[in-house]
Amino acid sequence: MKLSRQFTLFGSAIFCVVVFSLYLMLDHLQLDRTKNPSSGAGKLFHSGQLTILQEKIDHLERLLAENNEIISNIRDSVLDLSESVKDSKGSPEVGNQSRVGYPELLASPPLVIPIQQEDCHFAAKPYNKPADGMLDVYDLLSFDNPDGGVWKQGFDISYNENEWDTEPLQVFVVPHSHNDPGWLKTFDDYYRDQTQHILNNMVVKLHEDERRRMLWSEISYFSKWWDSIDSQKRDAVKSLIERGQLEIATGGWVMPDEANTHYFAMIDQLLEGHQWLERNVGVKPKTGWAVDPFGHSPTMTYLLKQAGMSNMLIQRVHYSVKKHFAIQKTLEFFWRQTWDQDTTTDILCHMMPFYSYDVPHTCGPDPKICCQFDFKRLPGGRISCPWRVPPQTINDGNVKERALMLLDQYRKKSKLFRTHVVLAPLGDDFRYNEASEWDQQFQNYQKLFDYMNSHPELHVKAQFGTISDYFSALRPAAAVDPVSNTSPLLPVVSGDFFTYADRDDHYWSGYFTSRPFYKRLDRVLESHLRAAEILFSLALASVQKANKWNDFPSLENYKLLTEARRNLGLFQHHDAITGTGKDWVVVDYGTRLFHSILNVKRVMANSAHWLVLKDKGAYIHSSSMPLLQMVTRNPFLPLSLVIYNPTEQDRWSVVTVYVNTPRVRLQTASGHAVTAQVSAVWEETTRASREAFQLSFVAQVPALGLTVYRLTEAVELRTVPVDYTFLKQHEELSVDSAEPFRVDIPQDDSLPISIENPLIKIWCSATTGLMERVKYKEGGVEHKVEVGFVWYGTTSNRDKSGAYLFLPDGEAKAYTPNHAPVIRVTKGVVFSEVTTTYQHVTHTLRLYNVQGIEGQSVEISNTVDIRGEFNREIAMRITSDLNSSDRFFTDLNGFQIQPRRTMAKLPLQANFYPMTTMAYIQESGVRLTLLTAQSLGVSSLKSGQLEVIMDRRLMQDDNRGLGQGVQDNKITANLFRLLLEKRRISIRDSQTWSYPSLLSHITSMYLNHPVIPMVVSPNYDSLTFAPLSPLRAALPCDVHLVNLRTIQAKEGAGPSHEVALILHRRGFDCEFSNRNMGLLCSTTQGKLPMGKLFSELSVQSVTPASLSLMHTLDGGRSQEEIQLKPMEIRTYRVQLR
């Protein structure tokens, strides 16, 4: 053990020498810059000096990369030597021996992250624009809405009778039933009342005639039904699929919303659906089908492509965009990712041209005619045609006239496309739930088809088909090359289809924020589920390695994980996370989310129990008396804290726990004292608890690892109490505080408030408590960054804002409280903050005193309560001195950045877009980023501004089918980080793509995946715990571990011995500083050595797979090294032991 420590110290010494020498080089460069002040100081470098400086920086980056490789080799050597001399009877405090320095502490991070120059080429390369970028399309459009005749939002369509003489029209009528997993009823109620009958009828009615077809999408319903049917009916379903009569399209757990969803959850619900299909039905979906999400994201396109699909269909796109695409005959196109310079991400997409996916809007441009061919609306039924011309039962007497009428619509629809292949969906919400409808639709349509097909002079072939039947005919008709996936007939489009409007100025930007409480709950479950998946997979592999499979509750935990996956998946539905369901339906979703959060916490605690235990022989699982529990309020001392870091980077993060005394001694597992801050718990604005205190400290936790801290009660005060200052304009304040805090109530309350950490200083108004200025100390530049709040009302017109629509009554009005707010300033050694209490918002600005990621940004938390308001929406507005013009940037699903432009020709509500994880504005040398822990609507209505809607309370329905307003508001906590970054090289105004910085990426990851503290039960206090470092080293800085998900066994509900390793290589902009980030990582051109990934577990096999494991890809089972391209998401089947 002494030899091992000597090698460790030797490695540490070399590491320190390398870092120190790099620091001197940087210091020398900084001295050069001091002698030649930059433009920030009012002067410019001469071009020659700039060239010299750039060469020095390039040389430094090469040195950093080389030194990083040396450090990695030293670390591996130390690991190997440590393993060879390890003493099994060594100190129980010693954890993973691969780390340098104290075993449970992390090595000192380098001042600058080593980034290989090649890794910067991706964001800096020239951009070859595809045929149609959606920003360019928006520039072209006037967004007027003239009356188009029978096709109200379009135009008159005409044709020549002989157009199809040489190439007949080919029509595919695709029966479908859109089943919302919750909207006006709960998921279970819909299933009981409608869905089960649809699926039962399907089996019978499709078998009656093999020419019939049916499309299904939502596996959440399909799996529930499958569990209820016998083996005979299951075999009948499989035979329908084999014959091509039944197609499963997309095959996700739900048809997800594409605006508010994070790509982790989008992938997870797709995986859950595809894995269920593989185990039970043996189906691999080929085509995406999205008729109802309220706008469409290229992220979904990319995920479908990565899952192995070739085609997709979308419907809800702005009516002006549809009209433009119809005029240009570009409704069928290859949808390409903005970063893609070739065809690797292209997927063939069909955009439905008309208003809706119901039958009146799918056969052709005239809904009055098409409605007459929705045979569920025959006279005597429960629904009829709004145009008051009913369908007619088809018979010998009317078949010719009706067939020609329908064919006229098919021909007109075909004129909007570039081939003679026509798609005509036949369905609507919860259709075909009665046997009579199956007969009405299929029998009448078959008579029409028979007539058309038996008259060659009509030059048409009409039939029932699936969506894949349609694309199979379209591809050769459009001359799509099966190898290159290109076509001379079809254009390439990039960008997204937000914000959706279905008519007039009715923009669906309200649902970006509706029910924000549940949007936040969704992200909490996402974070906890991912953390539990990873910890469970590591524990399971470790248990298997120790041959303790029967001792560990693997089946019980896996069932909890499966239920959580499905509850999270259910909430990604486009009427769930959107906040557009009935009140009781929303409560049902929320209950599922909450229960799953509790359950995955149990999985984490059970998994960490095994992993953190020094003596595995002492492991005993007890469900009634678990070893670990999530941190509760006021635990009694002494206690041990186990802290879990669910991110792939070694981490210094602030942890806060509640204690019952301020006199606490905090130590690491090896007995080293740790500085801790103690704060009051404020039960009311000016009254502190005397029974509870907050203990905050900086925890050091390895990547995916566990660290142990010990809390004991001290005789004297060993923590550092914070100091408080209270202000309230023109009013006397009385503060009821407790020992040991010092409270100051200054007489002069006009002086500006400031708080700072080693990197940032912010100034706040002494009147409002809101931020006014920020200064980053390294550059010394101060910027105006003002935070404020505003109200939106709703229009006085007949149509008003509701769950879906945002229809404001003009520009926002400033939030003006009735009473001066109480401002509380907290200053401490771990964090400082300013908390301002208004009637509707409790607003906190916090700075962490951490030399690393958490110290580089301002944390903003808003606790919002508008339950007493009437038709109002509250927004946070950030106003800066950046000259951002009309440009801003929002993320799509936490995966990619979409450039935006505020357009004066559009109404205010049209300039709001979804923000899943971040939005930013920038000028040539500075970027201001708002990072968010929940999905909300965002805009930049004026230069230098960012504005985010935080909650909405609306008293009426907006006439989109929900039948109610949004009045179930809850007190909602919104969490953000604000990041100001300097850019080394000015950006080009014409740039049409953008990437976050590495700092922004990792700040977002820390915000969305906080460290998780757990408390050891007092009953097990005698056990010995060892910190866990499961990885040999942190992953490359730009590689994110999306998930490490245990795959279900082929038989039964338990886990297999395989995991799905899902990785994402983030695209990032190198032109921002990567100093003082506190990270122990580098970039590696996307390379990952699988054989050296884990410290104690070994990788038995690595099999490349499609995203959702449907397909095995080329590459073999024993990849020593894998490599990801920038922006790429890849999945691997991995066996660990």
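**Exercises on a core and a sheet**

Met876 touches, beyond residues up to four places away in sequence, Val787, Gly788, Phe789, Ile860, Asn862, Leu930, Leu946, Glu947, Val948, Met950 and Phe976; contact means heavy atoms within 4.5 Å. The model is predicted: local features need pLDDT of at least 70, side-chain atom pairs count only at pLDDT 80 or more, and totals for chains, interfaces and linings use all residues. Numbering starts from 1 along each chain as its sequence is written, and side-chain values use heavy atoms, without hydrogens and water.

**Exercise 1.** Place Met876 in the largest nonpolar core.

Step 1. A nonpolar core joins buried (under 20% relative accessible area, 1.4 Å probe, protein chains only) Ala, Val, Leu, Ile, Met, Phe, Trp, Tyr and Cys residues through side-chain atoms within 4.5 Å.

Step 2. The largest core has 281 residues, and Met876 is among those that touch the most other members, with Phe222, Phe325, Tyr410, Tyr445, Phe497 and Leu1063.

Step 3. Helix H15 (residues 516–545) gives the most to this core, 14 residues. Helices are DSSP runs of H or I, at least four residues, and strands are runs of E, at least two, numbered from the N terminus.

**Exercise 2.** Work out the strand order of the open sheet and its edges.

Step 1. Strands pair if DSSP finds at least two bridges between them. The order is E41-E42-E46-E44, with antiparallel pairing.

Step 2. E41 (1039–1048) and E44 (1099–1105) each pair on one side only, which makes them the edge strands.

Step 3. Six bridges join E44 to E46 (residues 1129–1136); Ala1105 has Thr1131 of E46 as its bridge partner.

Conventions. Buried < 20%, exposed > 50% of the residue type's maximum accessible area, 1.4 Å probe, protein only.
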